[in-house]
Structures are given as C-alpha cells and as structure tokens.
Amino acid sequence: MRILFLNGPNLNLLGQREPEVYGRTTLAEIEAKVKERAKQLKADIDFRQSNLEGELVAWIQQAKGKFDVIVLNAAAYTHTSIALRDAIAAVGVPTIEIHLSNVHAREEFRHKSIIAPVCCGQIIGFGLNSYVLAVEAAINVNVV
Ligand code: CA2
C-alpha cells in the first residue's frame with residue numbers, strides 16, 4: 001500500500017504561528033507520526049507540502065500508477081480550487097480529504113469544500129490525529 005500525503009498552502013507554518021487554532025505540532029512532527037503508524041501497518045508514505053496550486057495539481061496527476069491512495073489536506077484551496085477537484089476526478093486515485101481543525105465550527109467560507117464530492121471521505125477536526133486516522137482509512141479504502 002503506497003500512500004501519498006499532500007499538504008497545501010501555509011501548512012509549512014504549523015507550530016510556528018496561530019498555535020491556538022492549529023496547535024504546536026510542526027508538519028515535520030506530523031510526518032514522523034504518520035510514518036510511525038504506516039510502518040506498523042506496513043504502508044509506504046510519501047509526504048509533501050506545497051504553497052502552489054499547480055504543483056499540487058501536478059502531484060495528483062503523477063500519482064496514477066504510483067500510489068494506491070492520496071490523502072489531501074488542501075488547506076485554503078479546499079474552499080476555492082476547481083483545478084484540484086478536476087485533477088482528483090481525472091486521475092481516479094482514491095482521495096481522502098483531511099483537516100486539522102473542524103472547518104464547520106469556523107468561518108462560513110470554510111464550510112464549503114469544492115473537493116469533497118470527488119473524495120471518498122473526509123476526516124476533520126482531530127488535529128494531528130486526523131493524519132494518523134487517515135493512514136488507517138487509506139488502508140481500508142476499498143472496504144465498504
Ligand atoms: O484545518 C485544516 O487543516 C485546514 O485545512 C487548514 C487551512 C485552512 O485554510 C482550512 O480551512 C482548514 C489553513 C492552513 C494554514 O496553516 C497555518 C498554520 C500556522 C499558521 C498559519 C496558518
């Protein structure tokens with residue numbers, strides 16, 4: 001099982017800014033936790049972050065044939081990006097949408113996810129644990 005974790009804009013700032021919203025854990029620490037759980041479950045992880053919408057689109061396109069599942073925290077692009085939605089729909093690699101915060105308990109503009117209809121599910125609001133839960137969801141993605 002090969003899982004591609006993609007992280008969108010500003011997630012590289014985790015642990016450095018707005019700890020009251022996003023906690024004190026850095027993205028590197030999240031990556032380490034994800035890899036620890038994946039090792040237990042015998043999954044391979046590729047973990048990336050980009051501030052650029054086009055780079056995220058390219059990574060989604062390139063995932064075909066290389067990864068079994070994509071786990072995507074598209075950050076603010078969740079709420080704006082038709083390009084990401086089209087890429088997910090086009091490649092046909094099962095994609096799980098995740099968020100650290102409970103977007104439904106925040107500003108109204110965060111309640112709408114453009115990518116949700118083309119993802120197989122969402123894991124939202126569990127902080128760092130959203131990422132760990134996503135490893136488990138990815139492994140069981142074909143189990144109904
Ligand atoms: O809760 C999440 O995981 C989000 O995807 C985080 C995005 C936000 O736009 C989404 O609505 C929900 C923001 C990521 C920015 O992360 C920062 C981290 C530290 C300081 C500033 C921003």
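The legends below describe several close-up views of a predicted model.

**View 1. The buried side of helix α3 and the elements that it packs against.** In helix α3, which spans residues 53–62, the buried residues are L56, V57, W59 and I60. These residues lie on the same side of α3, because they cover an arc of only 165° around the helix axis. Three strands and one helix are packed against by the buried residues of α3, namely β1 (2–7), β2 (44–49), β3 (69–73) and α4 (82–91).

**View 2. The pairing of helices α3 and α4.** The axes of α3 and α4 come within 9 Å and cross at roughly 5°, and since angles under 35 degrees count as roughly parallel, the two helices α3 and α4 are therefore described as roughly parallel to each other. On the side of α3 the contact is made by E53, L56, V57, I60 and Q61, and on the side of α4 by A83, L84, A87, I88 and V91. Divided by residue class, the contact of α3 with α4 consists of 8 nonpolar residues, 1 polar residue and 1 charged residue.

**View 3. The loop residue Y77 and its contacts.** Y77 lies in the loop between β3 and α4, and Y77 counts as buried because its relative accessibility is 17%, where the limit for buried is under 20%. Although Y77 and E53 are 24 residues apart in sequence, their C-alpha atoms are 7.5 Å apart in space. When neighbours within four places in sequence are left aside, the residues in contact with Y77 are P9, N51, L52, E53, L56 and L84. Among these, E53 and L56 of α3 and L84 of α4 also take part in the contact between the two helices.

**View 4. The pairing of helices α2 and α5.** Helix α2 (residues 27–40) and helix α5 (residues 128–139) have axes that come within 9 Å and cross at roughly 30°, and α2 and α5 are therefore roughly parallel to each other. The crossing in which α2 passes α5 is right-handed. The contact is made by L27, I30, K33, V34, R37 and A38 from α2, together with L128, Y131, V132, V135 and E136 from α5. The residues of this contact comprise 8 nonpolar and 3 charged ones, with no polar residue among them.

**View 5. The buried residues of helix α5 and what covers them.** S130, Y131, V132, A134, V135 and A138 are the buried residues of α5. The elements that cover these buried residues include helix α2 as well as the strands β1, β2, β3, β4 (95–99) and β5 (121–124). Of the buried residues, Y131, V132 and V135 are also among those through which α5 contacts α2.

**View 6. T25 in the loop before helix α2.** T25 lies in the loop between α1 (19–22) and α2, and T25 counts as partly exposed because its relative accessibility is 27%. The C-alpha atoms of T25 and L128 are separated by 7.6 Å, while the two residues are 103 residues apart along the chain. Not counting residues up to four places away in sequence, T25 touches L14, G15 and I30.

**View 7. Q49 in strand β2, and two residues with positive phi in the loop between β1 and α1.** Q49 has its place in strand β2 and is partly exposed, with a relative accessible area of 23%. Q49 and L6 are 43 residues apart in sequence, but the distance from C-alpha to C-alpha is 5.8 Å. Leaving aside neighbours within four places in sequence, Q49 is in contact with N7, G8, P9, N10, L11, N12, L27 and W59. N10, which is found in the loop between β1 and α1, has a positive phi of about 75° although N10 is not a glycine. E18, likewise not a glycine, has a positive phi of about 45° and is placed in the loop between β1 and α1, where at 43% relative accessibility E18 counts as partly exposed.

**View 8. S101 in the loop between β4 and β5.** S101 is found in the loop between β4 and β5, and S101 is buried, with a relative accessible area of 10%. The C-alpha atoms of S101 and G23 are separated by 9.6 Å, with their positions 78 residues apart along the chain. Not counting residues up to four places away in sequence, S101 touches Y22, R106, I124 and G125.

How values were computed: Residues are numbered from 1 along each chain as its sequence is written. This is a predicted model: local features need pLDDT of at least 70, side-chain atom pairs count only at pLDDT 80 or more; totals for chains, interfaces and linings use all residues. Side-chain values use heavy atoms; hydrogens and water are left out. Buried means under 20% relative accessible area, exposed over 50%, partly exposed in between (1.4 Å probe, protein chains only). Helices (H or I, at least four residues) and strands (E, at least two) are DSSP runs, numbered from the N terminus. The arc is that of the directions from the helix axis to the C-beta atoms. Contact means heavy atoms within 4.5 Å. Axes are lines fitted to C-alpha atoms, for helices over the stretch in contact, and angles run from 0 to 180 degrees between N-to-C directions. Angles under 35 degrees count as roughly parallel, over 145 as roughly antiparallel, 65 to 115 as roughly perpendicular and the rest as oblique. A crossing is left-handed if the near helix is turned anticlockwise from the far one by less than a right angle, and right-handed if clockwise. Ala, Val, Leu, Ile, Met, Phe, Trp, Tyr, Cys and Pro count as nonpolar, Asp, Glu, Lys and Arg as charged, and the others, Gly among them, as polar.
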